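Trainee: I'd like a close look at one part of this fold, and how the rest of the chain relates to it. Please start with the overall picture.

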Amino acid sequence: MSDHPSSEEQLPSAELPAPPPSPRAPLPTLSSDDGRLVLSEDALQVNGQRFALLELEAVEVHHVRWLLWFLLGGFTLAGFLLGLLQNWVRTMPAALGIVAGALLLAWGQRGTNRLRLHRLGREALYVALPGETTQWQKLAAETNRRIRRRHDEAAEAAAAALLAAEAAALPPEPPTTE
């Protein structure tokens, strides 16, 4: 046998790009109970404003107290309690002030939910959402999962295009003789 490859033997050629991945099953469109947030396969719509999932980095939901009402209630409650204890205010006005302060404090404690949209290369966008935090957190978790999925699909498509461009740009290898 000779050291030269025969015509039947094939020399290893440049790696061919992997076949494109099979398309994934489409995901259902989700929306909040009040319709403020609609999540589709490739977009998020918040209060009528549409964002492509590729332009988003992440989504967060936090419960936020209404600080002004919280502080106003606390100071009103503390002021009327101090006035009652120091005999500056009579019992009935003090009781009404204490009730008003407690109601303001409870109203401030109620708060709202803040949705933060982290956009790529831009500052974050904040949106206030009413209702229970758990519903919004579930939608935010699903949104983050779909954002990661879209970014992964875009990265796979870019890698496949890059491999195809490299394979097309490489000249064929000449046979070597040893």
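What share of the contacts in the chain with a separation of 6 or more comes from residues 24 or more positions apart? After that, please take me through helix α3 (residues 133-169).

Mentor: The share is 65%. Keep in mind that this is a predicted model.

Start with the layout. The chain has seven strands and three helices. From the N terminus, the order is β-β-β-β-β-α-α-β-β-α. The chain holds 178 residues, and 21% of them are buried. Its accessible surface is about 12,700 Å², with 61% of that belonging to carbon and sulfur atoms.

Now to α3. Its 37 residues should span 54 Å at 1.5 Å a residue. The end C-alpha atoms are 53 Å apart, which agrees with that expectation.

Look next at what α3 buries. The buried residues are Thr133, Trp136, Leu139, Ala140, Glu142, Thr143, Asn144, Arg146, Ile147 and Arg149. They pack against β1 (30-31), β2, β3, β5, β6 and β7.

Asn144 deserves a stop. What makes Asn144 count as buried? Its relative accessibility is 17%, and the cut-off for buried is under 20%. Apart from neighbours within four places in sequence, Asn144 contacts Ala58 and Val59. A polar atom of the Asn144 side chain lies 2.7 Å from the backbone nitrogen of Val59.

Val59 leads on to the core. In soluble globular proteins, nonpolar side chains tend to be buried together. Here the largest nonpolar core has 17 residues. Those that touch the most other members are Leu37, Leu44, Val46, Leu56, Val59, Leu115 and Leu117. Two or more residues come from each of β2 (37-39), β3 (43-46), β5 (56-64), β6 (112-119), β7 (125-129) and α3. The top contributor is α3, with four residues.

Take Val46 as a core member to trace. Leaving out residues up to four places away in sequence, Val46 touches Arg36, Leu37, Leu115, Leu117 and Val127.

Just past Val46 comes a backbone point to check. Most residues other than glycine have a negative phi. Asn47 is not a glycine, yet its phi is positive, about 50 degrees. Asn47 sits in the loop between β3 and β4 (49-52). With a relative accessible area of 44%, Asn47 is partly exposed.

Compare another helix, α1 (residues 67-85). It has 19 residues, which at 1.5 Å a residue should span 27 Å; the end C-alpha atoms are 27 Å apart, in agreement. Gly73, Thr76 and Gly83 are buried in α1. They lie on the same side of α1, because they cover an arc of only 105 degrees around the axis. The buried residues of α1 pack against α2 (91-110). The face turned away from the buried side carries exposed residues Leu67, Phe75 and Leu85.

One last stop is Asn87, in the loop between α1 and α2. Its phi is near 60 degrees, again positive in a residue other than glycine. Asn87 is exposed, with a relative accessible area of 68%.

To return to your helix: the buried residues of α3 pack against strands β1, β2, β3, β5, β6 and β7, whereas those of α1 pack against helix α2.

How values were computed
Residues are numbered from 1 along each chain as its sequence is written. This is a predicted model: local features need pLDDT of at least 70, side-chain atom pairs count only at pLDDT 80 or more; totals for chains, interfaces and linings use all residues. Side-chain values use heavy atoms; hydrogens and water are left out. Buried means under 20% relative accessible area, exposed over 50%, partly exposed in between (1.4 Å probe, protein chains only). A polar contact is a pair of N or O atoms within 3.5 Å; within protein, one must be able to donate a hydrogen and the other to accept it, and residues adjacent in sequence count only if both atoms are side-chain atoms. Contact means heavy atoms within 4.5 Å. The expected span of a helix is 1.5 Å times one less than its number of residues. The arc is that of the directions from the helix axis to the C-beta atoms. A nonpolar core is a set of buried Ala, Val, Leu, Ile, Met, Phe, Trp, Tyr and Cys residues joined through side-chain atoms within 4.5 Å. Accessible areas come from the Shrake-Rupley method with a 1.4 Å probe; for residues, only the protein chains shown count as cover.
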